[in-house]
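Work through the exercises below with the sequence and the model at hand. Each task is followed by a solution in steps.

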Amino acid sequence: MKKKLKFEIMEYSLVRNEVTQTVMVDECPFYHVLSATKKERLIDEMQFGFIVKVTDLSMERKHNIFINGVEYQFYKATPAQMKKNEGYYIMKSFVDEVKKVEEIISVGLIKPSNNLLLQKPISINKDIIARWSLWFTGTYRTNINYLEDLIVVKDIDYSVFKNVKIFENGKLVDKDNFKIDVTAFDGAGIAGNGFFDKVRKNLGLSYVPAWITFRGSLASKGLLTNVNILQYLEDYHPEAKDENGNFTILDKWGTPRIVSDNSIIINESCMKWHKWVKSLEEYKELRKQYGYSEVCDVVYVAKFAKEKSKEIATTSYQMINMTSITADEYSELAEPTRNFLENVARFEKEAVLEFLKVIIDTDKQPQSDIEGENLEIEELADLKDVNKADKIQKLLTANFDHFINVAPVKKSLVDMLKKKRDFIASGKVFIKDSSFKVVAPDQLLFLDYCVAQTKAKNQLKSLNEVKGGLAPSQFYCKGEVGKRALIRYPLAHPQELSNEILVEAPMYDKYCNLNNEVLVYNQRGIEALSKSGQDFDGDLNLMTSNEIIMNGIIPPKDNRLFINTDDGKQGEYFLLNNENLTYCNLKVSGDLIGNLAMTSSTIGDICQTLEFSVGNKALSRAEIIKEKFGVDSYYALTEKQKVELNSYLNTIARLDYAPVEVQKKHIIDKFYRYEAKLCEGVRLQMASIDSPKLMLEIPKEELEAFTKGFENKPMFFIELPTKDCYTCANTRNELSTISRYMIREANNLKGFFEKQIGKAYSEDSPNTMANIFANAKFEVDSQKVMFLSNEIVKSYEQYIKDFNEMRRKEEIEIDDEGNKEWVSVYDDNDKKQIMDEINLKQRRFADSVYRFHTVEEVCVALNHFLSLAERKSSSKYSRFIIDFHWIALNHMLKANDTIEVLVEDESGVVNLFKPHKVVKRKVDAEVFFNNEISEQELQRLNREIKENDSQIRFRFNEGVNYIPDVVTIKQTATGVFVMDKDFTLGTLFREYIRPEYLGRTIVVGDKIIGKRSGTIKIKGIEV
């Protein structure tokens, strides 16, 4: 698979007035266009000094800064950065270069002098800032021309009449037969098989993806799903052919477009600047003037489908908080996770390998995807854990019994295990038959609409006039039928969770090339709109068939959904100039979503607090105190009132041990009592999401009114691994019934871990890593390797020195009596920053090592390094090698032609839902372990090939006399072969065998085809 490039930029704090760290950013359209104008090739981990990410940014704090004597000034902040008070600064001397890039990407239309629409007041944040930010989306660049087969059709609405709830004059009111207008297919389009096959080739995938999210010309963004467009039109709309036998669709400008297997069909909602041109031809003419079509008019892929959907997902405190799940039900829900973690803590082989697989599979799954961001209202997946799990999984697969005793391996495993224990305390457990789905609108109805709109010559006003598609309340997901719970994050209201019906749909099986990772919504109802205005530009739903969760979903009161009629409001309009651009960019900043979501969670926690039954209502002790005595706390009661309270509590029924159905009824009733408050949370949350984009300021008094009385968050927040700011002082002084169980369960696990693990990850043997590299007996230049070994020793010694400095303690007096205590010199934030700097320093050294040395030379040098006098901290050099010399360690693993893998087997051990056992398998070590190569190593190899005019020669197999443009080199037990995909062309002559070629793809330059052999001049090596 193609690797996404990362680039290095500085981060600067405007409060501390200093560079705080170096951060990595993904490749994106902006950097590709910039590099094209500078005629420089982008390489992985390239350092950019012209742009700086700044923190603590505000309207008052946007002054110019100096870094190493160079002046930087404010550039812009993306909507995502605005929420975090961050933005970009650029070198003052580089301003003209950046403006040139903006003009090139927008073909000059971003300048009011070239665009009549920008010569009047506009929504600057929506029309300029939000669209500009698309250029900074982390994406894979392809060579697919976006415009070549593009068809942009008109947006279309449809109307639904429902009994709903809305806010009217600040009050929640019922509305009967209320007309709701919905934008159909919002943010999504389709593309043909040919297009998606091009995506496969460009991304280096072994399968054709079912969907992608993309960025393109004229501020295009959205979701594309894979559809057999031509086959569907042939079978259902033969009348859509023109006189030449081509299917044609009318685009939004009135131009007929030929439909092909490579077509991309989107609507106006996907092309944000569609009003800036009168046709695609006008844009193409402008592009000829500005040039750089090869980087501006190609498809950039932000995300793409996996081969199939995962089968395990995790719950969250947000989800649990918005259900009627009881403590007993949560206990049943959490039991598989609890048992599983106990087995991992015993370091049972099957359990450990499955744990690592689950970490890799589930921690990469986001739980929200609004504007392409993962919002910080949910504990975000720790990608460092995922990367660690990837490495540990490979080590333990190669030799479990050896590497499980390597200290850094075991410590990383234990750290991940402890984090999962903390998650249980906050409602995060593994659930089976569950996964995140990308939501898409009805693809076949979209094609029906395109044909109908073409027939109507773009005069069709409503999708209600078009027949076909999924019926109201129907959903489709390939291979899934029946009732499923659909959950959309972020969660502010129980209606974000709903039970829906998935139907069999043979037409969609036939004409849509989807996998079970795509959830198709009908375009006849309001199901998407009711989930906080969800659209289809890449939004995700968690889908599960878990009975406990489905039974815990709270139905809307009186079967009336809440509809936010405030959605779609516009902010202030301004003339576009530099002053207004900066003002609008910084006027609305800060993250409101997190606080709003946590307030909603607090309300949910209150609704789930079941202690006493009073007058057929469930009340907590605090609520009883408020009703009877008019005070907010037990501690505000007089002694006489406390006695009166205790006597009263002894006379009323407790709900802790009532039947589950009784508890659920009380929980649901409490949610209904807080209905208006929860709906207000949805309204404010939707406004806060759009706030930076539309420059909509939410009145402070509205926010204060919503959060008043709910300042103290659920007590289990103390247990959240990512929220260490919570204590008993700022959390509720009573536990909801379910929270009480969650914390008790986590504490039980904590005790088990401490007893089971103990000192399990103390120092490992000095020989644990040395034994691996002892087999590094490659033929290398001994003098060159000895020099390299000495450099590695220096690097390691610096690493230990820096590490010890970070952990340095000093003795200070702690009281007036002269008592002293050893305390760390650096606080946790300082330690994190220092550790980041240590890692960066070592990574740069390692990159230079692999740039100028072969991996065999590094392996021999590391063998010499490890064979030196025994070191006191053997775990440190194990960590040193795993973290910074993974390429060399991975290369040494190739000595294994047998690995241990986890497979499903009915006779195996059940750790989490399914039985598995560990089996030994023979593998092609070169292929299995050879997929690790750094960008620097690859560039060094290709540079050397070019300098030396490298070539390979091979003996043709009988009957072969051709050479394709691309070949792969495969090693087996019987030799090294040149392959055309799965077909063997011949055997590589021994003198042309190089380890770097094995398992690689070779791009063919000049070629000589002889009678019995072929010679290839190598143009380049690809992974």
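A residue is called buried when its relative accessible area is under 20%, exposed when that area is over 50%, and partly exposed in between. The model used here is predicted.

**Exercise 1.** Decide whether Val-903 is buried or exposed, and state which residues Val-903 is in contact with, leaving aside its neighbours within four places in sequence.

Solution.
- Step 1. Locate the residue: Val-903 is part of strand E32, which covers residues 898–912.
- Step 2. Apply the cut-off: Val-903 has a relative accessibility of 15%, so the residue counts as buried.
- Step 3. List the contacts: with neighbours within four places in sequence left out, Val-903 touches Pro-915, His-916, Lys-917, Val-919 and Arg-921.
- Step 4. Check a residue elsewhere in the sequence: between Ile-122 and Val-903 there are 59 Å in space, C-alpha to C-alpha, and the two are 781 residues apart in sequence.

**Exercise 2.** Find how many residues of helix H1 are buried, and name them.

Solution.
- Step 1. Take the range: H1 spans residues 29–38.
- Step 2. Count: nine of the ten residues in H1 are buried, and the helix is mostly covered.
- Step 3. Name them: the buried residues of H1 are Pro-29, Phe-30, Tyr-31, His-32, Val-33, Leu-34, Ser-35, Ala-36 and Thr-37.
- Step 4. Look just past the helix: Lys-39, which follows H1, has a positive phi of about 55 degrees.

**Exercise 3.** Asp-56 and Asp-558 each have a positive phi. State where each residue lies and how each is classed by accessibility.

Solution.
- Step 1. Read the phi of Asp-56: the value is near 60 degrees, positive in a residue other than glycine.
- Step 2. Place Asp-56: the residue sits in the loop that runs between strand E3 (46–55) and strand E4 (65–67).
- Step 3. Class Asp-56: its relative accessibility is 29%, so Asp-56 is partly exposed.
- Step 4. Read the phi of Asp-558: this residue, also other than glycine, has a positive phi near 60 degrees.
- Step 5. Place Asp-558: the loop here joins helix H17 (547–552) and strand E26 (561–562).
- Step 6. Class Asp-558: at 57% relative accessibility, the residue counts as exposed.

**Exercise 4.** Which residues make a nonpolar surface patch of about 270 Å²?

Solution.
- Step 1. Name the members: Tyr-962, Phe-983 and Ile-1009 make the patch.
- Step 2. Place one of them: Tyr-962 is in the loop between strand E34 (951–956) and strand E35 (966–972).
- Step 3. Class Tyr-962: with 32% relative accessibility, the residue is partly exposed.

Note on methods
Residues are numbered from 1 along each chain as its sequence is written. This is a predicted model: local features need pLDDT of at least 70, side-chain atom pairs count only at pLDDT 80 or more; totals for chains, interfaces and linings use all residues. Side-chain values use heavy atoms; hydrogens and water are left out. Buried means under 20% relative accessible area, exposed over 50%, partly exposed in between (1.4 Å probe, protein chains only). Helices (H or I, at least four residues) and strands (E, at least two) are DSSP runs, numbered from the N terminus. Contact means heavy atoms within 4.5 Å. Patches are made of residues with over 30% relative accessible area and no salt bridge: like charges are joined within 9 Å, nonpolar side chains (Val, Leu, Ile, Met, Phe, Trp, Tyr) within 5 Å. Accessible areas come from the Shrake-Rupley method with a 1.4 Å probe; for residues, only the protein chains shown count as cover. A salt bridge is a side-chain nitrogen of Lys or Arg within 4 Å of a carboxyl oxygen of Asp or Glu.
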